[in-house]
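Hi,

Here is the structure for you to look over. My notes follow below it.

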Amino acid sequence: MFVCNCNGIRERCVQAAISRGARQPCEIFHQHRCKAQCGRCVEDMQAMIDSLARPLYQTQC
Ligand code: FES
């Protein structure tokens, strides 16, 4: 399933970017060597960051 249709970024690719340290949608675009175009995916990316990255922060404290 694509999260970003403009750049062809799939859900598993967003998850991988988050696991490599992306904490903002722009960092996910950067890891895929592209930029936001229409911006419709940014909210979904942020939701994925919030749900996947937050548990990592909580375990580090
Ligand atoms: S869907 Fe990601 S920039 Fe358009």
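**What was found**

The chain has 61 residues, and 21% of them count as buried. Please keep in mind that this is a predicted model.

Fold first. The chain holds three helices and two strands. Their order along the sequence is β-β-α-α-α. On contacts: take the pairs at least 6 apart in sequence, and 44% of them join residues at least 24 apart.

Now the core. The largest nonpolar core has twelve residues. Val-3, Cys-4, Ile-9, Val-14, Ala-17 and Ile-18 belong to it, along with Ala-22, Ile-28, Phe-29, Cys-41, Met-45 and Met-48. Which elements give two or more residues to this core? They are β1 (2–4), α1 (11–19), α2 (25–31) and α3 (42–60). The top contributor is α1, with three residues.

One core member to look at is Cys-4. Leaving out residues up to four places away in sequence, Cys-4 touches Ile-9 and Cys-41. Both of these partners are in the core list too.

Next, Asn-5. This residue sits in the loop between β1 and β2 (9–10). Is Asn-5 buried or exposed? Asn-5 is exposed, because 11 other C-beta atoms lie within 10 Å, and the cut-off for exposed is 12 or fewer. Asn-5 also pairs up with a distant stretch of sequence for a distance check: Cys-38 is 33 residues away along the chain, and the C-alpha to C-alpha distance is 9.4 Å.

Best wishes

Note on methods. Residues numbered from 1 in each chain as written. Predicted model: local features only at pLDDT ≥ 70, side-chain atom pairs only at ≥ 80, totals over all residues. Helix = DSSP H or I, 4+ residues; strand = E, 2+ residues; numbered from the N terminus. Buried ≥ 20, exposed ≤ 12 C-beta atoms within 10 Å, placed from the backbone. Contact = placed C-beta atoms within 7 Å. Core = buried A, V, L, I, M, F, W, Y, C linked by C-beta atoms within 7 Å.
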